[in-house]
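Here is a short briefing on one protein model. Keep the structure open while reading.

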Amino acid sequence: MKKLIIEVRMNEAARKEANPNVPYTPDEIVADAIACGEAGASMVHFHARNADGSESNAVDDYRRIVSGIRARSDVLLHPTLGQFFDGSGPDQRMAHIEALAREGLAPDMAPLDTGSNNIDAFDWQAGEFIGDGAVYVNTGANLRYMAGRLREWGVRPQLVCWSVPNLRLAAAFIAAGLAPPSSFTTLVLSGERALVGHPATEAGLRAYLDCMGDQPMEWGVLCGGQEIFSLMPMILREGGHITAGLGDTPYASLGQPTNADVVRAIAAVAREAGREVATPAEAREMLGRQLQPA
Ligand code: ZN
């Protein structure tokens, strides 16, 4: 059976108050990423954070993270683009990726969220919206521009789909040569408070898969705000991959786990179902290569 790529969603905006093992500083992210690789992860996704947990867009933090992990692990590196609520343009959002690429430290992958989405959550018990009406804007022009820059730098896009229309755009990007065949395509599911993804149920995932058809993509499932275990039998059976970690939810069913503990738990379930985990080298092979610069 196809091997399973486990990507770790290391921190996102999660807080240590929820689980003290959420990594914030570059040193914490480096140590955690190396442990995750040893536990069976082949890719890590991270947001640079300051010691107080606030978001960092400092190139130096990303440099320390990338060079620190590369010195001791060959896991694929997938930093965020960040800065999406302050009106930053695509060049600002990719400034750290560009700086790293120019220094010969290009990460393996960077995210392209293939569509714009309303991101307010909803508290069903209180009957109230959480948030002030924010929209995560990803215009077609900006996405095409960013895809071109990533191609220039030899960085693969991860096509992040929050809904079926986003998946259709991702498929169009591959067809148009803006993203390579076998692109890692993330299907976003979200717990009941976050309305932006498909429901974190088999029906929510089924809707993506029914619409995906035989598109040339390697797909993974992201489950925001909820543990991924209940969906694993379907993901494993259908040939998908997994992108999960303390950035999504504290994974309290495992006690107070580290990201590496979450990876070990996912890998154990996968092996039980007959899917061995992919090494970073095998993940690179499965995901093919970025297109040559245009
Ligand atoms: Zn992220």
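Which residues of strand β3 (residues 76-79) are buried on one side, and which on the other? Leu-76 and His-78 are buried on one side, and Leu-77 and Pro-79 on the other, so that both faces of β3 are covered. The model is a predicted one. The points below take up the zinc site, the strands, helix α7 and several loop residues.

**Zinc site**

- The zinc ion is coordinated by Glu-12, His-45 and His-47.
- Glu-12 appears twice in the list of donors, each time through OE.
- Each histidine, His-45 and His-47, donates through NE2.
- The distances run from 2.0 to 2.5 Å.
- Along the chain the donors follow the spacing E-x32-H-x1-H.
- Why is the arrangement irregular? The 4 donor atoms subtend angles of 53 to 133° around the zinc ion, and a tetrahedral site would need all angles between 85 and 135 degrees.
- His-45 is buried, with a relative accessible area of 5%.
- His-47 is buried too, with a value of 13%.

**Strands β2 and β3**

- Strand β2 (residues 43-46) pairs with β3 in the parallel sense.
- The pairing runs over 4 bridges.
- Met-43 stands opposite Leu-76 in β3.
- Ser-42 is in the loop between α1 (26-39) and β2.
- Ser-42 is buried, at 0% relative accessible area.
- Beyond residues up to four places away in sequence, Ser-42 touches Ile-5, Ile-6, Val-75 and Leu-76, and also Ala-278, Thr-279, Pro-280 and Ala-283.

**Met-10**

- Met-10 lies in the loop between β1 (6-9) and α1.
- Its relative accessibility is 0%, so Met-10 counts as buried.
- Neighbours within four places aside, the contacts of Met-10 include Val-44, His-45 and Phe-46.
- His-45, one of these contacts, is also a zinc ligand through NE2.
- Other contacts of Met-10 include Pro-23, Ile-29, Asp-32 and Ala-33.
- Leu-246, Gly-247 and Asn-259 are also among the contacts of Met-10.
- Met-10 and Pro-199 are 189 residues apart along the chain, and their C-alpha atoms are separated by 22 Å.

**Helix α7**

- The buried residues of α7 (residues 202-212) are Gly-204, Leu-205, Tyr-208, Leu-209 and Met-212.
- These residues cover an arc of only 130° around the axis, so they sit on the same side of α7.
- Which exposed residues does the face turned away from the buried side carry? They are Ala-203 and Asp-210.
- The cover over the buried residues of α7 includes the strands β9 (156-161), β10 (183-190), β11 (198-199) and β12 (217-224).
- Helices α6 (164-175) and α8 (232-237) are also included in that cover.
- Gly-213, just after α7, takes a positive phi of about 55°.

**Met-217 and Ser-182**

- Met-217 is in strand β12.
- Met-217 is buried, with a relative accessible area of 8%.
- Residues up to four places away in sequence aside, Met-217 touches Leu-167, Ala-170, Ala-171 and Ile-174.
- Met-217 also touches Ser-182, Ser-183, Thr-185 and Met-212.
- Met-212, touched by Met-217, is one of the buried residues of α7.
- The C-alpha atoms of Met-217 and Ala-99 are separated by 28 Å, with their positions 118 residues apart along the chain.
- Ser-182 lies in the loop between α6 and β10.
- Ser-182 is partly exposed, with a relative accessible area of 24%.
- Ser-182 has a positive phi of about 70°, although it is not a glycine.

**Glu-227 and Tyr-251**

- Glu-227 lies in the loop between β12 and α8.
- Leaving aside neighbours within four places in sequence, Glu-227 is in contact with Thr-249, Tyr-251, Ala-252 and Ser-253.
- A polar atom of the Glu-227 side chain lies 3.1 Å from the backbone nitrogen of Ala-252.
- The side chains of Glu-227 and Ser-253 are joined by a polar contact of 2.7 Å.
- Glu-227 and Ala-244 are 17 residues apart in sequence, and 8.1 Å apart from C-alpha to C-alpha.
- Tyr-251 lies in the loop between β13 (241-244) and α9 (259-272).
- Buried or exposed? Tyr-251 counts as buried, at 0% relative accessibility.
- Phi of Tyr-251 is near 55°, a positive value in a residue other than glycine.

Key: Residues numbered from 1 in each chain as written. Predicted model: local features only at pLDDT ≥ 70, side-chain atom pairs only at ≥ 80, totals over all residues. Heavy atoms only, no water. Donors = N, O, S within 2.8 Å, 3.2 Å for Na, K, Ca; no water. Tetrahedral: all angles 85-135°; square planar, octahedral: opposite > 155°, others 65-115°. Buried < 20%, exposed > 50% of the residue type's maximum accessible area, 1.4 Å probe, protein only. Helix = DSSP H or I, 4+ residues; strand = E, 2+ residues; numbered from the N terminus. Arc of directions from axis to C-beta. Contact = heavy atoms within 4.5 Å. Polar contact = N/O pair within 3.5 Å; in protein donor to acceptor, adjacent residues only side chain to side chain. Pairing = 2+ DSSP bridges.
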